[in-house]
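The following exercises ask you to read contacts, burial and strand pairing from coordinates, and each is followed by a worked solution.

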Amino acid sequence: MTPEVLIEIKNLNFSYGERSVLKGLDMTMSRGKVIAVMGGSGSGKTTLLRLIGGSVRPSSGYVKVAGKLVHELKRDELFRMRRKMSMLFQFGALFTDLTVFDNVAFQMREHTDLPESMIRDLVLMKLQAVGLRGAHNLMPAQLSGGMARRVALARSIALDPLLIMYDEPFTGLDPISLTVIGNLIRRLTDALGMTSIVVTHDVQESLKIVDYVYFIADGVIAAHGTPAEVRGSVAPFVHQFVHGEEDGPVSFHYPADSYASDLELENGFA
Amino acid sequence: MPRRIVIGIRGVGHRVVDSIWRLGYASRFFLLILLKSGTSLRRFGLITREIYFTGVLSLIIILVSGLFVGMVLGLQGYETLQRYGAESAVGTMVALSLLRELGPVVAALLFASRAGSAITAEIGLMKATEQLAAMEMMAVDPVARVVAPRFWAGVISMPFLAALFSAVGVFGGYLVAVVLIGVDEGSFWSQMQDAVDFRYDVVNGIIKTCVFGVAVTAIAVFEGYDASPTAEGVSGATTRTVVTSSLAILGLDFILTSLMFRGMS
């Protein structure tokens, strides 16, 4: 049986002024899956998340979430939709003036009329899921990078969303935290039956936990497939990216004039 | 026309258009705050919390400055008035100076430096660290949840801070004129009581503080919300808050004074 499609992206184009970032993307993302979106820095991965979340509007094409065209939603409809989605920002984006407990309780207090005793139980359950129940009284400034990311993860599942978007969840983590966060993403997706979109550079860690991978390069989908297909791919871009090779279709150097002309060596040595 | 002059004129035009655009954007933002104040006013706890940070934590600088300004006024007033044998009017001079001008203006300038800059830096840093974006993604409007409570806290705190500044200033004048110099205590208070008119002096002073409170806090929240999300952007926004607020206070003070006290004997 084909799993139900949660996100449908069709001929999606987006530009920042004159600079074209995404060029005609087509993607489908099914419920209950972990999907990785990979690509080099500046390839438009985070922009894609912002388009799915409705923070920016596409230049053309569309993003549909649960059958609704995101860019056509009015602000209150968009906010209603966002109550069913969540985003984990690169560095957690925890509210620095609130404790860990209040951070996780934030959405429950804003969007529900639950009694404080029930909020307390729910918050402690969410924190238990990420292993930080004992840290509920700490302030964000007292947390390590990995702990902050886990608290942000607990906050993002506070209202049991249908969709969580992770923006570079593995950046700057030590190997233990990296594995812990990776496993949490997989376990929470399976346990809550939600969809996870992981934007990342970290090929090895993400291939362990995801169901499907999209590679974006120069604003287009360069390749896509299951982790097994990606590992076995001989396509030059995928091979270079997965194996972290310097030589390949993705240039290490930013476009520039010839090195010799910059060093004024074009006429040979005097 | 030489190319350099054309570029110069174009640059000036560009700056003027930019400034007008920014003024329009700031005005729309101000209206947005008013429209989205419902949440803060319904959940007054949000405002109370911010009153602590903007108002209560500004108390020390306001009280100490008020005391010294009052003491200086007492000393200078006595030095000038005693030449004409009118040293007993020193209380009147201290009270009127503080209630009409120095209380509202100096308290607002201090408030802009202490609380206004803190509000801008806090909102700017929340933007730089993606806290505002995170809030938007949680379907919580940052203007309603973060900006409006800080705005109203500033507007509510300002008149109280200015009132305390003036009260402590009068006490400072009393300390210098009566306790240190020896001006007659009865004359000091009774002449003050006779000269100060509640409607013209006290109420007009309160109106000024309210206007300054709105101006300073609106500038502070706007600069924070509009700051570039970088360390340099936040520091620039904080500086702009203090400079723009100070100029706005002095400009508004002139306008209000000319409207309130024109033609008074």
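Two residues are in contact if their C-beta atoms, placed from the backbone, lie within 7 Å. This is a predicted model, in which local features need pLDDT of at least 70 and side-chain atom pairs count only at pLDDT 80 or more, whereas totals for chains, interfaces and linings use all residues. Residues are numbered from 1 along each chain as its sequence is written, and chains are lettered from A and ligands numbered from 1 in the order in which they are written.

**Exercise 1.** Find which residues V221(B) touches, leaving out residues up to four places away in sequence.

*Solution.* With those positions left out, the residues touched by V221(B) are I33(B), I119(B), I123(B), V147(B), R150(B) and F151(B). Next, place V221(B) in its core: together with A108(B), V221(B) has the most contacts inside the largest nonpolar core, which has 139 residues. A nonpolar core is a set of buried Ala, Val, Leu, Ile, Met, Phe, Trp, Tyr and Cys residues joined through C-beta atoms within 7 Å; buried means that 20 or more other C-beta atoms lie within 10 Å of a residue's own.

**Exercise 2.** Decide whether the faces of strand 6 (residues 85–88) of chain A are covered or open, and find its partner.

*Solution.* Strands are DSSP runs (E, at least two residues), numbered from the N terminus. M85(A) and M87(A) on one side, and S86(A) and L88(A) on the other, are all buried, and both faces are covered. Strand 6 of chain A runs parallel to strand 7 (residues 163–167) of chain A, and four bridges join them; S86(A) has I164(A) as its bridge partner.

Note on methods: A residue is buried if 20 or more other C-beta atoms lie within 10 Å of its own, exposed if 12 or fewer, and partly exposed in between; C-beta atoms are placed from the backbone. Two strands pair if DSSP finds at least two bridges between them.
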